[in-house]
Amino acid sequence: MLLPVLFAMGAALSNALATVLQRKAALTVPKSEGLRVGLILDLLRRPVWLIGIVAVITAGVCQAVALATGPITIVQPLFVLELPLALVIATAVLQGRLSRAGWAAVGSVVAGLAVVLFAASPAGNRTQVPMTHWIPALAGCVAAIAALVVAALRRPEGRGRAACFGLATAISYAMTAALMKTSMHTLDDRGVGAFFTTWQTYGFALFGVCALFFLENAMQSGPLVASQPALTLGDACVSLALGVTVYAEYVRTGWWLVPQLLGAALVAAGVLALSRLPLARALVSEDEEEGTATDANSPAA
């Protein structure tokens, strides 16, 4: 399991680096009240933005390799490290500062994830999935996404709406990973031609686009403290469910559920605390200068 773990952590690190670098680049371009056609041209002239794009591509490659070589029940939960890693990187790149409480929250996420993975001890790596497994999984996920989007649109802007869009994003990301796993095995077993003719390839591309769309709506609908925990924990939980039901992967049950729940509680508490930090809000907020400055001057108490 070492190879998928290393590549999954590499994907999380690359995504975190991309988030920070793209944010840094956004701080250097002129602000506009509406859509501005020249924005991409401005960003293309920023080397830091281009490095961020390379990091995004690297993250995608690492995730694909991780899913092709290991269980989804190991790979996807490791992505909860993305937020702590992004904040640690941001302390240097954006000249912010993590308080002691922030570092404690990072430790809580890392420790909780370690406990969950040790207690669950995921195993299994099925390469192909019959349609009898895909149909109920797709139907259930699409229905859940539709219900969450409807619920979000019926709510005013705020925590509830952001949380609904965050959960919709999480389910879309989890399904993207599940479909990508089969596509990568198809590429490995039967080559490029089969990769571009299998429906799972276009399925993960579609769910990936939907995930980005819902993520943008989540960020615009309410505070990060509402959307980020729903996204982070939802992705891990739905991926775990898909790994067990679709790919027939194995996790320990019985009394092992006790440490798994305790570890999950540590992760949830850490993510919630991190999403409240000014530095975390500065990575997604429109008030870049105010958010970054507030965090840079935050006490280390």
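A residue is taken as buried when its relative accessible area is under 20%, as exposed when over 50%, and as partly exposed in between (1.4 Å probe, protein chains only). By this criterion, 48% of the 301 residues of the protein chain count as buried. The model is predicted: local features need pLDDT of at least 70 and side-chain atom pairs count only at pLDDT 80 or more, whereas totals for chains, interfaces and linings use all residues. Residues are numbered from 1 along each chain as its sequence is written, and side-chain values use heavy atoms, with hydrogens and water left out.

The protein chain contains 14 helices and zero strands, where helices (H or I, at least four residues) and strands (E, at least two) are DSSP runs numbered from the N terminus. With contact defined as heavy atoms within 4.5 Å, residues 24 or more positions apart account for 81% of the contacts in the protein chain with a separation of 6 or more.

Helix α12 (257-275) takes part in two of the helix crossings described here. Axes are lines fitted to C-alpha atoms, for helices over the stretch in contact, and angles run from 0 to 180 degrees between N-to-C directions. The axes of α5 (residues 82-93) and α12 come within 10 Å and cross at roughly 40°, which makes α5 oblique to α12; angles under 35 degrees count as roughly parallel, over 145 as roughly antiparallel, 65 to 115 as roughly perpendicular and the rest as oblique. The crossing of α5 and α12 is left-handed, and the contact is made by L83, P84 and L87 of α5 with V271, L274 and S275 of α12. A crossing is left-handed if the near helix is turned anticlockwise from the far one by less than a right angle, and right-handed if clockwise.

For α11 and α12, the axes come within 8 Å and cross at roughly 145°, and this crossing is right-handed. On the α11 side the residues involved are L224, V225, Q228, P229, T232 and L233, which meet V267, A268, V271, L272 and S275 in α12.

Six aromatic pairs are present in the structure. Rings of Phe, Tyr and Trp (its six-membered ring) pair if their centres lie within 6.5 Å; planes under 30 degrees apart count as stacked, over 60 as edge-to-face and the rest as tilted. The ring centres of F118 and W256 are 6.0 Å apart and the planes stand at 70°, so this pair is edge-to-face. F118 belongs to helix α6 (residues 100-120) and W256 to the loop between α11 (224-245) and α12, so the pair ties together parts that are 138 residues apart in sequence. F118 is exposed, at 59% relative accessibility, while W256 is buried, at 18%. Ring pairs link F118, W255 and W256 into a cluster.

R252 is placed over rings of this cluster, a charge being over a ring if NZ of Lys or CZ of Arg is within 6 Å of the ring centre and within 35 degrees of the ring normal. The charged end of R252 is 5.8 Å from the ring centre of F118 and 3.6 Å from that of W256.

K24, in helix α1 (residues 2-26), is partly exposed at 33% relative accessibility. Beyond its neighbours within four places in sequence, K24 is in contact with V48, V93 and L94. K24 and L283 are 259 residues apart in sequence, with a C-alpha to C-alpha distance of 8.7 Å.
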